[in-house]
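The following questions and answers examine the packing and the surface of one protein model. Please consult the sequence and the structure as you read.

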Amino acid sequence: VMFADIVNFTRIAEGMAPSRIFSMLNTVFSGFDQLAEKHDLEKIKTIGDAYMVAGGLDDEKAVDYTRAIANMALDMHSLLETDAEMNQMHLEIRMGIGTGPVVAGVVGKKKFIYDLWGDTVNIACRITTEGTPGMIHVDATTYRRLREHFDFDPPQSMHLKGKGDTTVYRLIGRKPAQP
């Protein structure tokens, strides 16, 4: 599960017409949607200026979803830096990735929305909230699954609401391909 939060969106959107705010979010999230499709991941929802994606929800797909989410996170950073329209917005994003069990489904009788629940979702959300803008932070399980293929900064301790001090790692990039 990955959460991405546009840190400075509220400041940028101050004084803008609602239609312009919608247009900006639509541009960014449409780009993210294309990346989710490219990496064979599921967009779960947007929540204001936050974006949630998950992998591994469909046992039929033979996708290493942890690697796919990490690759998507790196591609999201690249998109914000290289896309001319998005780059002029000077958006800052922070991301949190958690790996583990979740429950997925639809609850209620009106305005159905597919969603995820579980400790993994809470950890990914809290890592994002406490994270540093411009960085991708992952939990220890994600780190263990990715350390062969990606570079990370040394572990750090992050205080997460309801969890206390938690070990997280900053994802730096992909390791060079081995010959």
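Contact here means heavy atoms within 4.5 Å. The model is predicted.

Q: Which residues does M2 touch, not counting residues up to four places away in sequence?
A: Contact requires heavy atoms within 4.5 Å. With residues up to four places away in sequence left out, M2 touches Y51, M52, V53, I69, M72, A73, M76, M95, G96 and I97.

Q: Which members of the largest nonpolar core touch the most other members, and which helix gives the largest share of this core?
A: The largest nonpolar core has 38 residues, and those touching the most other members are M2, V28, F32, M72, M76 and L91. Nine residues, the largest share of this core, come from helix α3 (residues 65-82).

Q: Which residues are included in the second, separate core?
A: This second core is separate and has eight residues. Among them are M52, L116, V121 and A124.

Q: Is V103 buried or exposed?
A: V103 lies in strand β5, which spans residues 103-106. Its relative accessible area is 54%. Because the cut-off for exposed is over 50%, V103 counts as exposed.

Q: What separates the C-alpha atoms of V103 and L116?
A: V103 touches D115, L116 and W117, not counting residues up to four places away in sequence. V103 and L116 are 13 residues apart along the chain, and their C-alpha atoms are separated by 5.6 Å.

Q: Which residues form a nonpolar patch on the surface with V103?
A: The patch has about 290 Å² of accessible area together. Alongside V103, its residues are V107 and W117.

How values were computed. Residues numbered from 1 in each chain as written. Predicted model: local features only at pLDDT ≥ 70, side-chain atom pairs only at ≥ 80, totals over all residues. Heavy atoms only, no water. Patch = residues over 30% accessible without salt bridge, like charges linked within 9 Å, V, L, I, M, F, W, Y side chains within 5 Å. Areas by Shrake-Rupley, 256 points an atom, 1.4 Å probe, with all protein chains shown as cover. Salt bridge = Lys/Arg side-chain N within 4 Å of Asp/Glu carboxyl O. Helix = DSSP H or I, 4+ residues; strand = E, 2+ residues; numbered from the N terminus. Buried < 20%, exposed > 50% of the residue type's maximum accessible area, 1.4 Å probe, protein only. Core = buried A, V, L, I, M, F, W, Y, C linked by side-chain atoms within 4.5 Å.
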